[in-house]
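Biologist: I am new to this structure. Please show it, and then let me ask.

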Amino acid sequence: LDTLEKWVTEIFSEIPNNGLPKPSFDHLTQPFDTPEFHKLYRVVPIRKVHSLTITWALPPQEQYYRVKPLHYISWLVGHEGKGSVLSFLRKRFWALALYGGNGETGFEQNSTYSIFSISVTLTDEGYKHFYEVAHVVFQYVKMLQKRGPDQRQVIWEEIQKIEANEFHYQEQTDPVDYVENLCENMQLFQKEDFLTGDQLLFEYKPEV
């Protein structure tokens, strides 16, 4: 570490600090305010697969990294047990798989917007009924919206424990990838959260 610190100091200390704040684009709050976004697009894939993807553009959520609201919602949407969207669709032989969430990449989450997508892998029969599939997804999201998160703190705590276990027992990653990831975290999180901010859930805030 002493050698690495010496190298870093030698190489980077001569770079001048311009004293400017980190650029922010949060004044551009409606990047998808265009008729082209509110449309259904049919894309013919190369391989034989039927997939329905619904995408919402939300206000930026990166400031809520300690709460991770999109991670919480994706957990509920992606649930596969009794009463879930996927369970309902499978009973009708319309879907094989379903997942939802935000990739937390610069494209899907930044200071301007956050993307939330739900993707359903359809059967041939499901493809014939994709309007009904979309309707079911919207109904489920509407139900979550109406019920609110107040009764679901137990679920949030369950997610928190699972993520904590995965963090503590994760496999060792390549050092170069790890350092790159930490450098990205330094642009997004408070200093005390550089190591954990992209993985752990810290605070339960129903209003968020």
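Biologist: Where is the place of Thr123?

Modeller: This is a predicted model: local features need pLDDT of at least 70, side-chain atom pairs count only at pLDDT 80 or more, and totals for chains, interfaces and linings use all residues. Numbering starts from 1 along each chain as its sequence is written, and side-chain values use heavy atoms, with hydrogens and water left out. Helices (H or I, at least four residues) and strands (E, at least two) are DSSP runs, numbered from the N terminus. Thr123 belongs to the loop between E3 and helix H4 (124-128).

Biologist: Is Thr123 buried or exposed?

Modeller: Buried means under 20% relative accessible area, exposed over 50%, and partly exposed in between (1.4 Å probe, protein chains only). Thr123 has a relative accessible area of 16%, so Thr123 is buried.

Biologist: Which residue has its backbone oxygen 2.6 Å from the side chain of Thr123?

Modeller: The side chain of Thr123 has two partners to consider. It reaches the backbone nitrogen of Gly126 at 2.9 Å. The backbone oxygen that lies 2.6 Å from a polar atom of this side chain is that of Phe93.

Biologist: Which residues is Thr123 in contact with, leaving aside neighbours within four places in sequence?

Modeller: Contact means heavy atoms within 4.5 Å. With those neighbours left aside, the residues touching Thr123 are His50, Phe93, Trp94, Ala95 and Leu96.

Biologist: Which element gives the most residues to the largest nonpolar core?

Modeller: A nonpolar core is a set of buried Ala, Val, Leu, Ile, Met, Phe, Trp, Tyr and Cys residues joined through side-chain atoms within 4.5 Å. The largest one has 27 residues, and Val85, Leu89, Leu98, Ile118, Val120 and Val133 have the most contacts inside it. Elements giving two or more residues to this core include strand E1 (50-58), helix H3 (85-91), strand E2 (95-101) and helix H5 (130-147). With 7 residues, the element that gives the most is H5.

Biologist: What does Leu89 touch, not counting residues up to four places away in sequence?

Modeller: Leu89 is among the residues with the most contacts inside the core. Beyond its sequence neighbours, Leu89 touches Trp94, Ala95, Val120, Val133 and Val136.

Biologist: How many salt bridges does the whole structure have?

Modeller: Side chains of opposite charge can pair when their charged atoms come close. A salt bridge is a side-chain nitrogen of Lys or Arg within 4 Å of a carboxyl oxygen of Asp or Glu. A search of the whole structure gives a count of 6.

Biologist: Which helix holds both Glu10 and Lys6?

Modeller: Their side chains meet in a salt bridge, 2.7 Å from N to O. Glu10 and Lys6 are 4 residues apart, about one turn of the helix, and both lie in H1.

Biologist: How many residues apart are Asp124 and Lys48?

Modeller: Asp124 and Lys48 form a salt bridge, with 3.4 Å between the closest N and O atoms. The pair links distant parts of the chain: Asp124 is in helix H4 and Lys48 in the loop between H1 and E1, with a separation of 76 residues.

Biologist: Which residues are joined with Arg66 into one network by salt bridges that share partners?

Modeller: Arg66 and Glu203 meet in a salt bridge at 3.0 Å, N to O. Arg66 lies in the loop between E1 and H2 and Glu203 in the segment after helix H7 (175-188), so this pair ties together parts 137 residues apart in sequence. Through shared partners, the network joins Arg66 with Asp193, Glu203 and Lys205.

Notes
Polar contact = N/O pair within 3.5 Å; in protein donor to acceptor, adjacent residues only side chain to side chain.
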